[in-house]
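Subject: The two-chain model, and what I found in it

Hi,

Here is the model I promised to send over. Please open it next to this email, and I will walk you through it.

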Amino acid sequence: MKFKLFRAPEGRNGGPADPTDVPRMGGQVLPAADAAPQPERNAAETSLTPAPRPSAGAGGPVGATKICARDVSVFYGDKQALFDVSLDIPDKTVTALIGPSGCGKSTFLRTMNRMNDTIPGARVTGRIEIDGEDINAKSVDPVLLRARVGMVFQKPNPFPKSIYENVAYGPRIHGLATSKGELDDIVQASLKRAGLWEEVADRLHSPGTGLSGGQQQRLVIARAIAVEPEVILMDEPCSALDPIATARIEELIDELRERYCIVIVTHSMAQAARVSQRTAFFHLGRLVETGDTEEIFTNPRERRTLDYITGRFG
Amino acid sequence: MTEATQIDGARVNRLRAGLKRRYARERRFRAYGLLAIAVAVGFLLLLLGRIVEQGHTAFYTHTMTAPVYMDPARVDRAYPQGTNFEQLVAEQQLRRLGVVDDAQGTKASAMRGLFSSELKFVAAELITRQPGLVGQTVTLSAPLSDDADLYLKGEISKDTPAEQRRLSDEQIAWLDRMDAGGQIAAHFNTGLFTKGDSTEPELAGVLGAVIGSALMLLVTALIAIPLGVGAAVYLEEFAPRNRLTDLIEVNINNLAAVPSIIYGLLGLALFINWMHLPRASPLVGGLVLALMALPTIIIATRSSLKAVPPSIREAALAMGASKTQTVFQHTLPLAMPGVMTGAIISMAHALGETAPLLLIGMVSFVPGLPHSLVEPTGALPSLVYIWENASERAFHERTAAAILVLLAFMIVMNAAAIVLRRRFERRW
């Protein structure tokens, strides 16, 4: 383990985060989420009723806050899948959402590009802002939102078209290229950035479904970045891949971090530790704890986080 | 140690006994499967064999070729159609056979009965085209009558008592002598495929009905496929799930099971009595069949849309494709093989449908070939029905032949379905 074991006692005891963290909290954190919850959490924990209201943005964000979620709840019909999640996600950073199956991390991920809209009976309450703009506002078109917030799914899902067509699809429907040459450039640049160009340059017009699983996943990433999104959501992008393909994707995620705000849902604690700078731990539909990845893995504040990351449940 | 192996041995024996039983069950099941297939194939072969056996004779026919002296005293150059060519040819044939007619001309009349009425038209057309042939001897070729044809095909037997067959002993003797004299030749019955219906079996063909059926299917396809696919796409991809759409779905499923004759009644009331569209026309037939095909197409399209992996939909939506773009650029193209198959199978069903056609008047006798969508025409299945009910025996073999043509039409359509499926099929 590469983590330094610092600040262990305070965190284990559920004490407040190091006060020196506060000035580093990304600047744009809403005061309500910042100031209010901390004493409240202390009260909750001392009374032994675990009702975690983690302070959003505690820890060391790398970029400015890109996505700001406040009291987000998601209902599928009568069933509530997500309970009042408040979380700040910084830009140019990989944020990992971890937690056992069914904990709501994928649901939360899907609220950020409004993919839950496509599920009949799904309802989202609360507020999610990207660059200060409420994405659930009536004036925001989900189609445009999804051009800004790309998504990569668990199972590689290239379209049953050629490699070229897969990558060109987004720029084409959004009218991002005015000429064939421009489109060619976008396709080439996206494939290069996704680290796939070398492998497919000579067969751009063969079917994308003919690639290996890892290549398909990189193709899907190329497809997502071809529209120049600001945020890339990844829903367990490596769970269907072998370790070598996984390593390549992880490298790629690390490279992409310089340009994008990346949110990744993962079941693999090791992966979260390897690729992310920030980690949020979900359990039973609630956000239990969030912070710098190093801190979460070495010095979690919550008992449940510790139990989960040490493999005691999940 | 030995105890352990004993227990192991008993366990293995028990497993082995069970294994034997399991294999026996598998063998039994395979045998049932083979039996089921054998029975099905047997019935199919029986059906096809019977039809082919009954119908193959309709594919050839007999023609008489004889020299005819165009007697200027009998042939009217100005109006050849008015000439009784049959009598002329009959008399000359009798003379050639050395038969002396009686005063009433009964022999000539019997001889005329061996020729098809087509003879008159062949001769008249020849004279109209070349009036100079009057006064000369020409070689005329014309089909024999249906009864003479049946005799030569061996379907009317000399051994049948004379009063029970349609040819007299005398006529049979003449036919035998003409045949021996090389005047009668058998050849492929092209008329069956180039002519419309006729009351004379030897002149009746299926082309009119084939064109009628094709026109009808064209109308059906143009109406039912776009409407059905559109309805299915809307219901599956766009419509909210509520009580109304549930009700619609249940009713579509019910409509698929409504007997086709009901659709005929609906068509009669709606298209003919209310909209006053021409009855027995391919337009009305096609509309009725479209109503009938709609539920099937909707159901087939919906199920093939359902079968498209949701990951493709999600991929498109997550790329910022609109709902419509997702459906028309991804979901529907992937569902296309299933849609095509469903559409073509429902077209094939529509092709063979007879009951609704009876109600909209398509069972009437329509000679000649259709030229438009709004004139009365026949259709293949109703032609089969009409011919089967005809009293002339020669129509029996033609009924079987028409069934074979209908089956061939269907095989072509189903083959098209397979080809289209292959073409549109894509892996994902």
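Two strands count as paired if DSSP finds at least two bridges between them. With that in mind, look at β9 (residues 278–283) and β10 of chain A, which pair in the antiparallel sense over 6 bridges. One place to see this is Phe281(A), whose bridge partner in β10(A) is Glu289(A).

Before going further, please remember that this is a predicted model. For chain B the mean pLDDT is 89, and 98% of the residues reach 70 or more. For the complex, the predictor gives an ipTM of 0.75 and a pTM of 0.78. As a general caution, where pLDDT is low, the predicted coordinates should not be read in detail.

**Chain A: the sheet**

The β9(A)–β10(A) pair belongs to an open sheet of 6 strands, in the order β6-β7-β8-β3-β9-β10. The pairing in this sheet is mixed. Which strands stand at the edges? They are β6 (149–152) and β10 (286–292) of chain A; each has a single partner strand, so one side of each is left without a neighbour in the sheet. From one strand to the next, the twist averages 15°.

**Chain A: two helices**

Helix α9 (residues 213–225) of chain A lies across β6 and β7 (231–235) of chain A, and runs at about 170° to β6(A). The same helix, α9(A), also meets helix α6 (residues 163–173) of chain A: their axes come within 7 Å and cross at roughly 30°. Angles under 35 degrees count as roughly parallel, and α6(A) and α9(A) are therefore roughly parallel to each other. Their crossing is right-handed. On the α6(A) side, the contact is made by Ile163(A), Asn166(A), Val167(A), Tyr169(A) and Gly170(A). Leu219(A), Ala222(A) and Arg223(A) make it from α9(A). By type, the residues of this contact divide into 5 nonpolar, 2 polar and 1 charged.

**Chain B: the sheet**

In chain B there is an open sheet of 3 strands, ordered β2-β1-β3, with antiparallel pairing. Here β2 (137–143) and β3 (184–188) of chain B stand at the edges with a single partner strand each, so one side of each has no neighbour in the sheet. Neighbouring strands of this sheet are turned by 30° against each other on average, direction ignored.

Strand β1 (residues 60–69) of chain B pairs with β2(B) over 7 bridges. Two residues to click on are Val68(B), whose bridge partner in β2(B) is Val138(B), and Tyr69(B), whose bridge partner there is Thr137(B). With β3(B), β1(B) pairs over 5 bridges, and Thr61(B) stands opposite His187(B) in β3(B). Helix α2 (residues 85–97) of chain B lies across β1 and β2 of chain B, running at about 80° to β1(B).

**Where the chains meet**

How many residues of each chain are in contact with the other? In chain B there are 17, and they contact 20 residues of chain A. On the chain B side, α12 (310–318) and α13 (323–352) each supply at least two residues. The helix that gives the most to that side is α12(B), with 6 residues. The residues on the chain B side divide into 8 nonpolar, 5 polar and 4 charged.

Happy to go through any of this with you on screen.

Best wishes

Terms used. Residues are numbered from 1 along each chain as its sequence is written. Chains are lettered from A and ligands numbered from 1 in the order in which they are written. This is a predicted model: local features need pLDDT of at least 70, side-chain atom pairs count only at pLDDT 80 or more; totals for chains, interfaces and linings use all residues. Two residues are in contact if their C-beta atoms, placed from the backbone, lie within 7 Å. Helices (H or I, at least four residues) and strands (E, at least two) are DSSP runs, numbered from the N terminus. Ala, Val, Leu, Ile, Met, Phe, Trp, Tyr, Cys and Pro count as nonpolar, Asp, Glu, Lys and Arg as charged, and the others, Gly among them, as polar. Axes are lines fitted to C-alpha atoms, for helices over the stretch in contact, and angles run from 0 to 180 degrees between N-to-C directions. Angles under 35 degrees count as roughly parallel, over 145 as roughly antiparallel, 65 to 115 as roughly perpendicular and the rest as oblique. A crossing is left-handed if the near helix is turned anticlockwise from the far one by less than a right angle, and right-handed if clockwise. pLDDT is the predictor's confidence in each residue, from 0 to 100.
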